[in-house]
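Here is a short tour for anyone who likes to look at a fold before planning at the bench. Have the viewer open and follow along, one region at a time.

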Amino acid sequence: MAEGFDTTRFQSAVDDGFTCPICLGVLQDPMQCQNNEHYFCSGCIKKHLEKTSLSCPVCQDKLTVETLRKAPRIVADYVSRLKISCNHAARGCEAVLELGALKIHVQDCDFMPVSCSNQGCDEVVSKRDVKHHERELCQFKTTTCDDCGEKMSHHKYGGHGCVLRRDVDKMKKDLAEVKTTQNEMMNEVREGMQRMTIAMEHLKESFQNVVNSKNSDIVVIAGWHPETNKPLSSVERFNLFNQTWTPLADLKIARGCHAAVLFENQILVCGGSSSTNSDDFTDSIEVLDMNGNPPTWQEFSVNLPIKVAGHKCVVYGNRLLIIGGQPKENEILNTIYQLLLVPPYSSKLLCHMKKKRAFHGVELFDDKVLIAGGDEAETNVEIFDITRNECSQMQPLPSPLFGMATVRRGDSMFLIGGTDKEQNVSNEIIECDIRTGQSKVRLNMKKERVFCSAVYHENTLVVLDGAKDEVKSVDCFNFVSNYWRKLPSMTKERIFASALVVKKNFEF
């Protein structure tokens, strides 16, 4: 049964006449004795009469539960208007409200204790924090291994075989590097301080010429030549350590406005426009096995379910998702198709987006796809839930945008360059946060770019092609040093290309 409210919770002192003589708290559901109007909490006086005696604790007159009377309305009204702190004040709620409104407030209070829903977790957090705890902080949240795709509780991830194997490989590499460095240092000492000084200066200069990584290359695929307006079949790669561009095998079919993805150590190039004929779009997929020797482009086992250009693709498990695009000139899709990349290579239509869009932005976040802007969609942003096969609306972009490149960084999609319906080309980089749904301009590039490509690797954003009068130019921005710098230009002029980061242990 309810007892009185602690007097210390009230904004001002409460008259003793409105406190319960039994619990000494402010009256809750006040009742009075039969003869002398002594006030008690309903729970307190009933418990007293049932367990102790059949008399009023104050005047000792005969009293039973049946002869109790409700306190006058004026008493209840006075008590209900008293200002009291929230039940969850100790958890951080600063609300002070009338006692009569307390019950409704407490039922929906952001600081109400809630148990984590992740299996195995016994944490109790405030209602406002429970989603963030379950998705970000909880050691029992579901984590997917990047190597094998197995799902497990986060607290088990550190002991997972792939992680242990990766850690052991890194330790071996680090030990080898340490040993090599020690030998080099000893040799330098023997040769004298002058030799060591020269070597250190050379080492410093070398570090300034890399982009935070020794183990990855950028591959840029096909596109359109901006002057001849013809599709390209050329492919080139950029060595991040040596800062050099080298050609790779040409595609079997020249194409631009296509999509490129990585799947099981293979590059898949999907769809696109393969000639100057605006309606000559293709459904073909070419594949480059990065473990081949030498690697050559081959036709994939199956085509896309539709002929399309200006679309986007992501790989989810063994599935390729084909999002939006144009099946022919002056027609834009709002469809999301699925193609199984392993036998039986089946395909099906999953969902219709809320907007038709082409040349839009797409990035994969676990089991959700963030989709932004695009021709006809303008500022529209939506999120596709793969597990539920449905799209939901998000907050709009700051301005209409299509023809931009995108990368994922943490919980955000970065939309790079692009243009609007009036062909105003942008040098802005917009950050769209999947957690909050908010979008804002995060950076400005040194050049305006449209129909460009971009990659993100080890805190570094690399933006390629699409700049007016400098179509081959490449710039990078490091989020640690907060600094833009220019990289060596590509060997081919191209727009509507695609770019990927591949690990160097995948030899070409």
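## A small sheet and its helix

β1 and β2 form an antiparallel pair with 3 bridges between them. Within this pairing, P30 sits opposite C41 of β2. Please keep in mind that you are looking at a predicted model.

The pair belongs to an open sheet of 3 strands, ordered β2-β1-β3 and antiparallel in its pairing. Its edges are β2 and β3 (69-70), each of which pairs on one side only. Strands in a sheet are joined through backbone hydrogen bonds, in either a parallel or an antiparallel way.

Helix α1 (residues 42-51) comes next, and its buried residues are S42, G43, C44, I45, H48 and L49. These buried residues pack against β1 (30-32) and β2 (39-41). The helix lies across both strands, and its direction is at about 90° to β2. As background, an α-helix has 3.6 residues a turn, so residues three or four places apart point the same way.

## The domains

Stepping back, the protein chain is split into domain 1 (7-109), domain 2 (141-214) and domain 3 (215-503). Between the C-alpha centres of domain 2 and domain 3 there are 31 Å.

## A hairpin further along

Now look at strand β21 (residues 361-365), which is mostly covered, with 4 of its 5 residues buried. Its antiparallel pairing with strand β22 (residues 368-372) runs over 5 bridges. Here V362 faces I371 of β22. The hairpin of β21 and β22 has 2 residues between the strands, and D366 adopts a positive phi near 55°.

## A buried arginine

Is R494 buried or exposed? R494 has a relative accessible area of 0%, and because buried means under 20%, R494 counts as buried. You will find R494 in the loop between β32 (483-487) and β33 (498-503).

What does the side chain of R494 reach? The table lists two partners.

| Group on R494 | Partner | Distance |
|---|---|---|
| R494 side chain | A222 backbone oxygen | 2.7 Å |
| R494 side chain | E236 side chain (polar contact) | 2.8 Å |

Leaving aside residues up to four places away in sequence, R494 touches V220, I221, A222, W224, P226, L232, S234, E236, D465, G466 and V471. A222 and E236 thus appear both in the table and among these neighbours. If you select R494 in your viewer, the backbone oxygen of A222 at 2.7 Å is a good place to begin.

How values were computed:
Residues are numbered from 1 along each chain as its sequence is written. This is a predicted model: local features need pLDDT of at least 70, side-chain atom pairs count only at pLDDT 80 or more; totals for chains, interfaces and linings use all residues. Side-chain values use heavy atoms; hydrogens and water are left out. Buried means under 20% relative accessible area, exposed over 50%, partly exposed in between (1.4 Å probe, protein chains only). Two strands pair if DSSP finds at least two bridges between them. Contact means heavy atoms within 4.5 Å. Axes are lines fitted to C-alpha atoms, for helices over the stretch in contact, and angles run from 0 to 180 degrees between N-to-C directions. Domain bounds come from an automatic or database domain assignment. A polar contact is a pair of N or O atoms within 3.5 Å; within protein, one must be able to donate a hydrogen and the other to accept it, and residues adjacent in sequence count only if both atoms are side-chain atoms.
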